[in-house]
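Biologist: I would like a close look at one part of this model, followed outward into its surroundings. Please give the cut-offs of each term as you go.

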Amino acid sequence: MVDLHIHTSFSPDSHLPAERACRAAAARGLKIAGFADHVEFLPADEAYVDLIDSTKILTEIERLRDLYRGKLEILYGAEIGFIPGKESQIKDFLDSQPLDYAIGSVHYVDGILVSRWVREQELAGKDFAPYFETVLAVAESGLFEVLGHLDYIRKYLFAPQAYRGDDYEEIVERILESAARSGLVLELNTAGWRHATEEPYPGEKILKRFAELGGCVTGTTGVTGVAGVKGVTVGSDAHKDYEVGYGNGKARELLRGAGFGSVEVFRQHKRSSLPL
Ligand SMILES: [Zn+2]
Ligand SMILES: [Zn+2]
């Protein structure tokens with residue numbers, strides 16, 4: 001299968017050399033490995049866009065594409081940390097890069113890193129609606145191919161099992177509707193299976209709802225560049241070699257059960273469906 005969310009050592013929070021990531025992907029039998037290194041739009045972040053050396057990343061990708069030709073397809077993606085108000089700067093970056101795809105993720109809420117923000121909200125007895133409002137802004141921005149880890153705030157909760165997703169049903173519905181309308185692909189982020197929450201981001205309920213809204217493309221294969229056909233993709237959010245392709249088998253089962261027949265991949269922003 002595929003893994004479109006791998007962080008190599010080009011991400012400040014990963015020490016995984018890109019070549020090692022490819023070796024792990026090939027060893028796990030993946031057909032496609034997508035690098036999605038961090039690009040952030042707040043100057044204080046270590047992955048701030050002006051600090052990114054894209055030439056180095058590209059040179060390494062080209063080298064690895066040669067090395068793995070016929071064995072593993074390597075895609076050049078990026079995980080963009082969305083900041084409301086920075087849309088034009090994000091667009092300039094995306095336009096400047098020969099990217100295959102961009103994942104839009106929320107890593108900051110009101111300028112605070114999500115890990116800290118979630119704790120602060122929890123301690124103050126406040127809800128997480130502002131996070132989902134920001135995710136909705138990602139979906140509506142029209143900047144990205146993939147919506148990253150929709151409800152991963154669960155990762156940072158003291159008591160993840162007590163999280164009441166139903167409290168956010170309405171705003172999540174708006175996010176899914178927006179994605180379904182624009183053809184934005186939802187990421188099944190398998191990292192949740194290795195976190196205390198023990199459920200991917202998003203979980204089965206949201207995936208099923210997305211399928212009901214028209215995210216289901218069962219039986220459709222080889223569709224390329226079809227706007228408005230809704231779909232999902234799979235990413236491990238690997239920062240270590242043993243996390244590459246993590247939960248791929250379980251992801252396939254979950255997606256089939258939710259009503260999906262394929263996963264989506266992107267080459268130079270053109271979309272293709274691979275049967276599950
Ligand atoms: Zn992320
Ligand atoms: Zn990530």
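How many of the 9 residues of β3 are buried?

Modeller: This is a predicted model, in which local features need pLDDT of at least 70 and side-chain atom pairs count only at pLDDT 80 or more, while totals for chains, interfaces and linings use all residues. Residues are numbered from 1 along each chain as its sequence is written, and chains are lettered from A and ligands numbered from 1 in the order in which they are written.

In β3 (73-81), 8 of the 9 residues are buried, so the strand is largely enclosed by the rest of the structure. Buried here means that 20 or more other C-beta atoms lie within 10 Å of a residue's own, exposed means 12 or fewer, and partly exposed is in between, with C-beta atoms placed from the backbone. Helices (H or I, at least four residues) and strands (E, at least two) are DSSP runs, numbered from the N terminus.

On one side, β3 pairs in the parallel sense with β2 over 8 bridges, where two strands count as paired if DSSP finds at least two bridges between them. Within that pairing, alanine 36 stands opposite glycine 77 of β3. The chain passes from β2 through α2 to β3 in a right-handed β-α-β crossover, a term that applies if, with the strands pointing away from the viewer, the path from the first strand over the helix to the second runs clockwise. Strand β4 (residues 101-105) also runs parallel to β3, joined to β3 by 5 bridges, and glycine 77 has tyrosine 101 as its bridge partner in β4. From β3 the chain crosses through helix α3 (residues 87-96) to β4, and this β-α-β crossover is right-handed as well.

These strands belong to an open sheet of 7 strands, ordered β1-β2-β3-β4-β7-β8-β9 with parallel pairing. Its edges are β1 (2-6) and β9 (232-235), each of which pairs on one side only. Towards the β9 end, β8 (residues 185-189) pairs with β9 in the parallel sense over 4 bridges, and leucine 186 stands opposite valine 232 in β9.

Helix α1 (residues 18-27) connects to the same picture, since its buried residues are Ala18, Ala21, Cys22, Ala24 and Ala25. They cover an arc of only 165° around the axis, taken from the directions from the helix axis to the C-beta atoms, which puts them on the same side of α1. These buried residues pack against β1, β2 (32-39), α2 (54-67) and β3. Just after α1, glycine 29 takes a positive phi of about 80°.

Ala21 is also, with Leu147 and Leu207, among the residues with the most contacts inside the largest nonpolar core, which has 81 residues. Such a core is a set of buried Ala, Val, Leu, Ile, Met, Phe, Trp, Tyr and Cys residues joined through C-beta atoms within 7 Å. Leaving aside neighbours within four places in sequence, leucine 207 is in contact (C-beta atoms, placed from the backbone, within 7 Å) with Leu188, Pro202, Val232, Leu254, Leu255 and Ala258.

For the chain as a whole, buried residues make up 46% of the 276 residues. Among contacts between residues at least 6 apart in sequence, 76% join residues at least 24 apart.

How values were computed. Contact = placed C-beta atoms within 7 Å.
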